[in-house]
Structure formats: structure tokens, C-alpha cells
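Open the model in your viewer and show it as a cartoon, with side chains available on demand. The stops below give a selection each time, followed by what is found there.

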Amino acid sequence: MAQLWGGRFQGKISDVAWKFNASIYFDKRLLKQDVKGSIAHVTMLAKQNIITNDEKDAIINGLTQIQEDVESGKLEITDKYEDIHSFLEANLIDRIGDAGKKMHTGRSRNDQVALDMRLYIREEVTNTADLLYELLKVISKLMKKHINTYMPGFTHLQKAQPVTLAHHLGAYFEMFKRDSRRLSDIFQRMNFCPLGAGALAGTTYPLDRHFVAQQLDFYGPTFNSMDSVSDRDYLIEYLSALSLIMMHLSRFSEEIIIWNSNEYGFVTIDDAYSTGSSIMPQKKNPDIAELVRGKTGRVYGDLNSLLVTMKGIPLAYNKDMQEDKEASFDAIDTTKSCLLLFTDMLKTMKFNKETMEKSAIRGFTDATDAADYLVNKGVPFRDAHGIIGRIVLSCIEKGIGISDLELSELKEFSDKFENDIYDAISLKTCVEKRLTFGAPGPEAMKKVIAAEEEFLDLFWTKCHSPLYPDLHDED
């Protein structure tokens with residue numbers, strides 16, 4: 001058992017307790033971050049004349065070689081070690097001798113792991129933003145393609161008013177756009193360096209925390225050493241953002257599942273993202289969409305686990321906080337895989353335009369416009385509402401739409417109807433006359449799509465700048 005403590009102990013920890021206490025099983029994925037943070041730390045120690053330049057060079061070369069050996073498979077991270085920190089330090093000492101024992105000078109595992117997690121999460125925030133960007137690009141492309149693809153808009157899962165597929169997809173563009181901005185906000189709040197906080201009260205060594213923060217591309221050092229090692233609110237924020245991303249993916253998936261059903265037939269999912277039945281040969285199931293919907297609860301659970309873990313912990317560090325990693329890693333892995341697969345599924349999906357349009361016609365989505373027609377003819381709105389309601393009831397009994405009625409039949413309900421009613425309630429007219437910004441009319445949609453493309457250009461440029469600056473500047 002390789003550990004970084006023990007001098008105060010006379011007895012040996014039990015094997016069961018060792019395994020229960022160890023985090024090497026999951027924190028081994030922090031190898032790259034631990035090496036990066038350690039290199040910055042010893043570079044600063046040499047700058048401050050706490051260690052020599054020769055010792056610094058030996059440590060850096062040793063760390064670099066260990067990382068290369070792990071990545072190439074020459075060196076294995078095993079459960080002989082308590083955590084990734086003890087793995088690195090033990091192997092470093094084996095390779096370079098006493099100089100390796102100086103690497104931990106002025107540092108605690110508390111601020112070390114706090115740094116590793118910030119480095120890791122900072123990278124994952126950007127990776128998640130990249131995946132969101134790819135999804136937004138696909139949605140934007142579909143919006144441009146389907147400005148004139150008519151479909152029913154729904155409330156309560158009942159057909160309500162005619163919209164376009166571009167407008168419907170645009171609602172999800174807005175949701176995922178807000179998700180991307182949340183990632184930017186999280187990045188800026190978390191991008192401060194905790195290294196140098198020590199166990200909880202800093203250190204007596206003359207560390208240069210600003211130098212280390214600069215070396216690691218942080219905005220600066222954290223302001224309070226106790227807070228630095230004892231809170232994980234940036235993780236909770238990130239998992240909250242992932243939960244919202246998954247909520248939006250789940251809602252979109254639910255609609256795709258409904259649209260893919262035989263009863264709707266709005267979409268055809270590509271074979272690459274569908275599965276069949278082991279007993280029913282006719283089946284083509286939307287399993288990817290269903291799994292995205294199902295895995296949303298898993299990410300919610302990860303967030304709740306972290307919230308419950310943190311809710312009763314007094315200052316400063318407590319071992320409970322080791323539980324932050326597995327939940328975070330699971331939520332990150334799950335959300336990233338869902339974003340990737342959902343984007344590819346959406347990109348290859350076929351939208352059945354004629355079926356959508358026929359559904360809008362059959363669903364009386366023109367009823368509101370028919371009522372507005374009567375209002376424009378001088379009929380009070382409440383009376384117009386009642387007239388159209390009776391017409392819809394009659395059409396339901398006959399199995400037809402409003403536009404299928406003859407003018408003479410319409411006049412039985414109101415003498416205000418004229419031949420222009422048919423143009424007034426056509427899907428094209430119903431959609432095109434909705435011109436307010438944010439509405440489904442084609443001219444309004446073109447303005448929105450242009451603005452969304454500007455956002456995508458800005459988003460890509462800014463989220464790949466060194467310090468991930470604010471994406472709200474375009475507002």
C-alpha cells in the first residue's frame with residue numbers, strides 16, 4: 001500500500017478500510033491534471049528558491065515520463081495506491097530519488113485535488129460547449145431548410161395553431177443557446193486557482209500563487225484558503241447545467257419518439273439510430289431517443305447526490321467530498337454521449353413534410369385565424385369564437401376541415417363569410433401573416449436565423465479563446 005501518510009500511526013489500516021477509503025479506482029482519470037498542476041507548482045517552488053532548478057528539472061522530467069508511460073501502457077495505475085497523487089509521487093521517488101520527495105512542499109492533497117478537479121472540469125465545460133455548438137449548427141441548418149415546412153403547433157398535445165418546422169426547431173435552438181451561455185457563466189466563476197491554499201490555512205512557505213495561477217491560465221488565485229478546499233459549488237453548477245441540457249434533450253427526444261410513431265409519421269429515424277424487435281419483425285424502435293430520455297434521470301441523480309453530500313459539511317475539508325468525483329464523472333460522460341448521439345440522429349433524420357402539412361390541416365389549426373377573420377368583418381371576438389367552435393363541431397361530425405366546407409355552408413353559421421375566407425385560413429396565410437419578431441412567419445424567421453448564425457460565429461470564436469470570455473457581449 002503506497003500512501004502519503006503514516007508516521008503518526010502504529011497500526012496498519014485494514015484491507016477493507018483501505019479499499020473503502022481509496023479513490024484510485026476513479027480519480028486515476030485526473031492523471032493529466034495532476035501532472036500539469038505539479039509541474040506548475042514545482043516551477044514556482046524553483047522560482048521562489050524553495051527547491052533548486054536541478055530538482056525542478058528532475059521532477060518535471062520524471063512526471064512527464066510517468067505520464068507518457070501510463071498513456072503508452074508501459075506503466076499501469078493499480079489499486080496498490082490510495083489515489084492518483086500517491087501513485088505519481090511514489091513512482092516519481094522511485095525514478096529520481098530524494099528530489100521527488102520535495103514535489104509536495106507547500107502543498108496539501110486538499111488543494112491539490114481541488115486544483116485537479118478545476119482543471120478537469122474547466123476542460124469538460126469547453127468540451128460540452130463544443131458538443132452543444134455542433135448540435136446548434138445542425139438545428140440552424142434544419143431551420144434554414146424548413147422555413148416553409150408547415151406543421152401543427154401544439155398545446156396540451158392538442159393541435160393548436162399552424163407553425164413551421166423551422167419555428168418549432170428554433171424553440172430548441174433557444175434552449176440550447178441558453179445552455180451554452182450557462183457554461184460560459186460557470187467557467188468564469190470557477191476559473192480561479194486553489195493551489196496554495198494548503199490543507200485549509202495556506203502555508204508558511206513563500207509561495208507565489210499569482211504565478212501558479214498565470215501558469216495554469218486561471219484569472220488569478222482564489223481569495224480564501226478555507227473556501228478553496230471545502231466547496232464544490234462550481235461542480236454543482238456544472239451538473240445543474242448538464243441536467244438542464246439533458247432536460248432539453250429529453251423533451252426533444254420525447255417529441256421525436258411521438259413524431260416517429262405510426263400515428264404521426266412526421267419523421268423517419270435513420271437505421272443507424274434505430275433498433276428492431278427480437279419477436280416482432282415489423283418494428284423499428286427509436287431506442288437512441290428513448291435512452292437519451294431515460295439517461296436524463298441518471299444525470300439528475302448525480303446532481304442530487306452531490307447536493308446531498310455537500311449540504312451538511314462544516315468547514316473546511318471533509319472526506320465526504322471525495323464523493324464528488326464519481327457523480328461528476330458519470331454526469332459528464334452521460335451528457336456528452338447523449339449530445340453526440342442525439343446530434344448525429346437529428347442530422348440524419350428525415351422530416352416528412354407532406355404528412356406534417358396534412359396533420360395541420362386536419363387538426364383545425366386554422367380555427368383561430370377563422371375567428372380573427374370574423375373579427376375583421378365586425379363580429380365581436382367572443383361571438384366569433386362561438387361561431388367557429390360550432391363550425392369545428394360540425395366538421396368533426398362530417399370528418400372534414402373548415403376549408404372543406406362550401407361557402408353556403410359557412411354562411412349558415414354567419415353571413416359575414418365571403419370567398420376570401422379560404423385564402424384567409426390557408427396554412428400559408430396563417431403562417432405568413434405572423435410577422436412579429438420571434439413568430440413563425442418567413443420574414444420573421446429569416447431575421448432570427450441570421451441572428452442565430454451570428455451567435456454561432458461568436459460562440460465558436462469566444463469559447464475557444466484562452467480564457468473563455470463572456471458570451472453575452474453581443475447583447
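**Stop 1: Tyr300**

Tyr300 is partly exposed, with a relative accessible area of 37%. This is a predicted model, so all that follows describes a prediction. Tyr300 belongs to helix 11. Show Ser243 and Met247 as well: leaving aside neighbours within four places in sequence, these are in contact with Tyr300. Then add Tyr234, which is 66 residues from Tyr300 in sequence and 16 Å from it in space, C-alpha to C-alpha.

**Stop 2: the loop after helix 11**

Move on to the loop between helix 11 (287-310) and helix 12 (324-347), where Ala316 lies. Select Leu315 together with Ala316: the peptide bond joining them is cis, with omega about 5°. Most peptide bonds are trans, and most residues other than glycine have a negative phi. Two exceptions in phi come up later in the tour.

**Stop 3: helix 4 against helix 5**

Select residues 53-72, helix 4, and residues 84-96, helix 5. Two packed helices are described by the angle between their axes and the distance between the axes. Here the axes come within 10 Å and cross at roughly 115°, and the crossing is right-handed. To see the contact, show Ala58, Ile59, Gly62, Leu63, Gln65, Ile66, Asp69 and Val70 on helix 4. On helix 5, show Phe87, Leu88, Asn91, Leu92, Arg95 and Ile96. By type, the contact residues of helix 4 and helix 5 divide into 9 nonpolar, 3 polar and 2 charged.

**Stop 4: Phe87 and the nonpolar cores**

Keep Phe87 selected. Not counting residues up to four places away in sequence, Phe87 touches Ile24, Leu31, Ile66, Val70, Leu75, Glu76, Ile77 and Tyr81. Ile66 and Val70 are also among the helix 4 residues of the contact with helix 5.

In soluble globular proteins, nonpolar side chains tend to be buried together. The largest nonpolar core in this model has 105 residues, of which Phe87, Ile121, Ile139, Leu249 and Leu346 touch the most other members. Colour helix 6 (residues 109-145) next: with 16 residues, helix 6 gives the most to this core. Apart from the largest core lies another, of 21 residues, including Phe364, Ala371, Ile388 and Phe417.

**Stop 5: helix 13**

Select residues 353-362, helix 13. Which of its residues are buried? They are Met356, Ser359 and Ala360. These three lie on the same side of helix 13, because they cover an arc of only 100° around the axis. An α-helix has 3.6 residues a turn, so residues three or four places apart point the same way. Turn the helix over: the face away from the buried side of helix 13 carries the exposed residues Glu354 and Arg362.

Now bring in what covers the buried residues of helix 13. The cover includes strand 1 (150-155), strand 2 (158-164), helix 7 (165-190), strand 4 (350-351) and helix 18 (427-432).

**Stop 6: two positive phi values**

Just after helix 13, select Phe364, which takes a positive phi of about 60° although it is not a glycine. Phe364 sits in the loop between helix 13 and helix 14 (367-376). With a relative accessible area of 15%, Phe364 is buried.

Go next to Leu157, in the loop between strand 1 and strand 2. Its phi is near 60°, again a positive value in a residue other than glycine. Is Leu157 buried or exposed? Leu157 is exposed, with a relative accessible area of 56%.

**Stop 7: the loop between helix 7 and helix 8**

Finish in the loop between helix 7 and helix 8 (209-215), starting at Pro194. Pro194 is buried, with a relative accessible area of 0%. Not counting residues up to four places away in sequence, Pro194 touches Asp111, Ala114, Leu115, Arg118, Arg209, Thr222 and Ser228. Add Tyr172 and draw a distance: the C-alpha atoms of Pro194 and Tyr172, 22 residues apart along the chain, are separated by 37 Å.

Ala197 is found in this loop between helix 7 and helix 8 as well, and Ala197 is buried, with a relative accessible area of 0%. With residues up to four places away in sequence not counted, Ala197 touches Asp111, Gly202, Arg209, Ser225, Ser228 and Val229. Ala197 and Arg209 are 12 residues apart in sequence and 8.9 Å apart in space, C-alpha to C-alpha.

Notes
Residues are numbered from 1 along each chain as its sequence is written. This is a predicted model: local features need pLDDT of at least 70, side-chain atom pairs count only at pLDDT 80 or more; totals for chains, interfaces and linings use all residues. Side-chain values use heavy atoms; hydrogens and water are left out. Axes are lines fitted to C-alpha atoms, for helices over the stretch in contact, and angles run from 0 to 180 degrees between N-to-C directions. A crossing is left-handed if the near helix is turned anticlockwise from the far one by less than a right angle, and right-handed if clockwise. Contact means heavy atoms within 4.5 Å. Ala, Val, Leu, Ile, Met, Phe, Trp, Tyr, Cys and Pro count as nonpolar, Asp, Glu, Lys and Arg as charged, and the others, Gly among them, as polar. A nonpolar core is a set of buried Ala, Val, Leu, Ile, Met, Phe, Trp, Tyr and Cys residues joined through side-chain atoms within 4.5 Å. Buried means under 20% relative accessible area, exposed over 50%, partly exposed in between (1.4 Å probe, protein chains only). The arc is that of the directions from the helix axis to the C-beta atoms.
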